[in-house]
Structure formats: C-alpha cells, structure tokens
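Biologist: Please take a close look at one part of this model, the charged side chains that pair with one another. I would like a connected account of where the partners sit and how far each is covered.

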Amino acid sequence: MAAGLMRQIAGPTIHVSSAGTRAKTAVNDLSVQALAEVGVDISDHQPAQLTAQMLDDADLVVIVGSQAHLDEYCPGVTIQRWDTDEPSLRGIDGIDRMRIIRDDITTRVQALAANLSTAITPPTGQPSRSNARIERS
C-alpha cells in the first residue's frame with residue numbers, strides 16, 4: 001500500500017520499490033480494493049522478497065507494521081518503522097479495516113514525501129530524486 005501511495009503522491013521524484021521480509025505470493029485483494037478507491041492501482045504488483053542488494057541500493061527503508069524485522073545491518077541507510085493502526089484489534093475487519101490502514105499510511109506517505117522533497121536540493125535544472133524502499137512483512 002505504501003509504495004503505491006508514494007508513487008501516486010511523489011510521482012517520479014522519488015524512486016520507490018517494495019519488498020517484504022516474508023513476501024507473500026500475491027497482493028491482498030482488500031488492499032487492492034481500498035487503494036483503487038483512491039485511484040491507486042496495485043492489482044498487477046508482484047510481491048518480492050527483500051534482498052541484501054535492495055538494502056544496499058536504498059537511501060531510506062520504511063518498515064510498515066510491527067511484524068517485519070530486518071536481520072541485516074544497513075550502514076548508511078536510514079530506517080523508519082511505521083507502526084500503523086491495526087483496526088482488527090478493535091473488532092474492525094474487512095474493507096473497513098483496510099480503509100483505516102490505507103488512510104493511516106496515506107498520512108505517513110504524504111509527510112515523508114514532503115520531507116524528502118524539501119531535503120533534496122538538486123543542482124539547478126536537475127530533477128530531485130531519492131531512493132526510498134518500502135518494506136512490509
């Protein structure tokens with residue numbers, strides 16, 4: 001969800017990739033539906049397993065949720081953990097749960113995109129670009 005939202009919000013100014021510490025075989029259908037409601041299409045996304053090379057290539061790693069863990073040491077890489085709202089703990093499930101999670105992640109992505117766009121000052125006439133990696137469990 002976070003990678004799809006970042007691509008929509010930041011466009012080409014931030015390079016985004018997504019991988020999981022325990023990658024699934026398919027994207028969650030409810031995640032696809034919740035994002036489609038706000039104009040983000042992740043229906044063709046193929047989950048990928050996180051690799052050491054991906055970590056080496058990243059400037060920033062965002063770990064979404066509390067279940068994913070990085071076993072690797074990542075020198076020179078900023079790591080953020082987003083402990084997102086978990087509506088199921090309050091008895092909210094299904095598409096309503098995904099909408100709440102989507103909205104929580106959207107707020108975080110908007111703040112990160114704004115932060116990255118002000119932190120990057122490109123040479124005159126050059127587009128700004130940052131490498132962000134969105135990780136999920």
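Modeller: Arginine 99 is partly exposed, because its relative accessibility is 28%, where buried means under 20% relative accessible area, exposed over 50%, and partly exposed in between (1.4 Å probe, protein chains only). The areas themselves come from the Shrake-Rupley method with a 1.4 Å probe, and for residues only the protein chains shown count as cover. This is a predicted model, in which local features need pLDDT of at least 70 and side-chain atom pairs count only at pLDDT 80 or more, while totals for chains, interfaces and linings use all residues. Residues are numbered from 1 along each chain as its sequence is written, and side-chain values use heavy atoms, with hydrogens and water left out.

The side chain of arginine 99 meets that of aspartate 96 in a salt bridge, at 3.3 Å from N to O; the term stands for a side-chain nitrogen of Lys or Arg within 4 Å of a carboxyl oxygen of Asp or Glu. These two residues are 3 apart in helix 4, so about one helical turn separates them, helices being DSSP runs of H or I with at least four residues and strands runs of E with at least two, numbered from the N terminus. Aspartate 96, at 44% relative accessibility, also counts as partly exposed.

The pair belongs to a wider arrangement, since a network of salt bridges links Glu37, Asp96, Arg99, Arg102 and Asp103. Within that network, arginine 102 forms a salt bridge with glutamate 37, and their closest N and O atoms are 3.1 Å apart. Arginine 102 lies in helix 4 (residues 94-119), whereas glutamate 37 lies in the loop between helix 2 (29-36) and helix 3 (52-57), so this contact ties together parts that are 65 residues apart in sequence. Arginine 102 is buried, with a relative accessible area of 7%, while glutamate 37 is partly exposed at 38%.

Helix 4 holds another pair, arginine 108 and aspartate 104, which are 4 residues apart and therefore separated by about one helical turn. Their salt bridge brings the closest N and O atoms to 2.8 Å. Aspartate 104 counts as buried at 16% relative accessibility, and arginine 108 is partly exposed at 25%. The pairs described here are among the 7 salt bridges that the structure holds.
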